Amino acid sequence: MQPPDRILQTVCLLGLLACLPLPAWLGCSREQPAGPSAKTAPATAAATAPSDPAPTDADDAPNAPRALPDTGELAGWIKIEPIRQASLGTIRLEPWWDPAIAAQSLASYQIDRIWTCTYASKPGIASVVFFETSDPLDAFGLFSLLTRKPGITARPEDGTMLESRMLKDAVAIVGWQGTACVAVQVSGFSDAEGLPAAERLARRILFAIPWADPPFIMRSMPRTQLANTKIWMVRRTAALQLATEDLRRIARAGLDDVFGLTDKDLLWIAAIEQPADTRPASERTSGEPSPRNIIWIAEYAAPEKSRQAFDRYLRRLSRPTTDVDRQTQVQAPHGRYLIGTWTAGAEKANPVLPALLDMLPAADAATSLSASIRPAGSTQ
């Protein structure tokens, strides 16, 4: 019998295999007379709001999503730059944002449209980048790549996920709901006002989205376990160049050809903090970091694809050329799934893969979509 902590870890990882719901329409578009054509414009945040801002709602793109509120729909906020369609190469989310790297990383997700606009609420302003997808999996994948913290949980009342980050002169919020991922950057407020203002705006936008249940991991994993686990969903390993440093090493390892991922395949990644160090204090180094076991699960459209990927990976590992290769462990394929770790040392110290393999669906079973789309603003 597996120890309780191993079972919790395995349940956590197994949750990655649960899909999000079928695509849903992202709310109604704005029906307006034809106006100026949508322009590609970066989202930027100035230090303070204009002294007497003028609303620009009349200049919104005719097909702009209704989830982005009009002036006055959220008390105190005035839309000072209209809703325009943008592209990956022009948006700017944070000071560290490199448009070229971001465009390469996010291009593998199936993004329908990107929208930008700017709001003012004395004394600050907020720039908004709104990603619209057809499949909730892609919206969640964007959210997973744009966030950094482990332990992100969904609000029980509506399933929304948010991460907040304090920047030098601003507050950044990234949120997910249904088929939308939104990034809000607020500046000009006091330290005490900035975070609440950013969160109110982000929640107002996401509240208007028909919502999807989060991945199973988010719904079933104990909060104490989730607090130490960071999850990503990508369609290409190259996307990880926008993630953390340990995953940027994966992005640079050239594994896309090995996995053979297509638009219908998924790669789930979970970075799991290891249990507390039980070694005697005399054997531990002061400030020694907690190791992480980085587990991955490739989910393919057909079993033959997992077998082909397994054969390619074995050939590569027979002649390892990178540190990533030397720390990689791959299990034999199980139906449509191929699982492994990029941290073989951590896996050896605290194995997770055997229990995970035992709990995968039967090799000949088809995993069905298990969640549901609910109406925008639903709290039930």
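# Salt bridges, sheet and a buried serine

Colleague: How many residues apart are arginine 326 and aspartate 323 in helix α10?
Modeller: In this predicted model, arginine 326 and aspartate 323 are separated by about one helical turn of α10 (residues 323–326). Helices are DSSP runs of H or I of at least four residues, strands are runs of E of at least two, and both are numbered from the N terminus. The turn follows because their spacing in α10 is three residues.

Colleague: What pLDDT do local features need?
Modeller: Residues are numbered from 1 along each chain as its sequence is written, and side-chain values use heavy atoms, with hydrogens and water left out. Totals for chains, interfaces and linings use all residues, side-chain atom pairs count only at pLDDT 80 or more, and local features in this predicted model need a pLDDT (the predictor's confidence in each residue, from 0 to 100) of at least 70.

Colleague: What is the mean pLDDT of the protein chain?
Modeller: Two stretches stay under 50: residues 283–290, with seven contacts beyond four places in sequence, and residues 367–375, with 30 such contacts. Contact means heavy atoms within 4.5 Å. Over the protein chain, 73% of residues reach 70 or more, and the mean is 78.

Colleague: Is arginine 326 buried or partly exposed?
Modeller: Arginine 326 forms a salt bridge (a side-chain nitrogen of Lys or Arg within 4 Å of a carboxyl oxygen of Asp or Glu) with aspartate 323, the closest N and O atoms being 3.1 Å apart. Buried means under 20% relative accessible area and exposed over 50%, with partly exposed in between (1.4 Å probe, protein chains only). Aspartate 323, at 54%, counts as exposed. Arginine 326 has 48%, so the class is partly exposed.

Colleague: Which residues do salt bridges that share partners join into one network?
Modeller: By the rule above, the count of salt bridges comes to 15. Those that share partners form one network of Asp57, Asp60, Asp70 and Lys79.

Colleague: How many residues apart are aspartate 265 and lysine 305?
Modeller: Their side chains meet in a salt bridge at 2.5 Å, N to O. Aspartate 265 is in the loop between α8 (256–259) and β9 (266–273), lysine 305 is in α9 (residues 303–318), and the pair links distant parts of the chain. Aspartate 265 is buried at 0%, and lysine 305 is buried at 18%. Their separation in the chain is 40 residues.

Colleague: Which strands stand at the edges of the sheet?
Modeller: The open sheet has five strands with antiparallel pairing, in the order β8-β9-β10-β12-β11; strands pair if DSSP finds at least two bridges between them. Each edge strand has a single partner, so one side of each is left without a neighbour in the sheet; they are β8 (229–234) and β11 (329–330).

Colleague: Which residue in β12 stands opposite glutamate 299?
Modeller: Five bridges join β10 (residues 292–299) to β12 (residues 337–341), and the two run antiparallel. Opposite glutamate 299, in β12, stands tyrosine 337.

Colleague: Which residue's backbone oxygen lies 3.4 Å from a polar atom of the side chain of serine 105?
Modeller: Serine 105 is found in helix α2 (residues 99–106) and is buried, with a relative accessible area of 0%. Beyond four places in sequence, its contacts include Leu145, Gln241 and Leu242. The backbone oxygen at 3.4 Å belongs to alanine 239.

Terms used:
A polar contact is a pair of N or O atoms within 3.5 Å; within protein, one must be able to donate a hydrogen and the other to accept it, and residues adjacent in sequence count only if both atoms are side-chain atoms.
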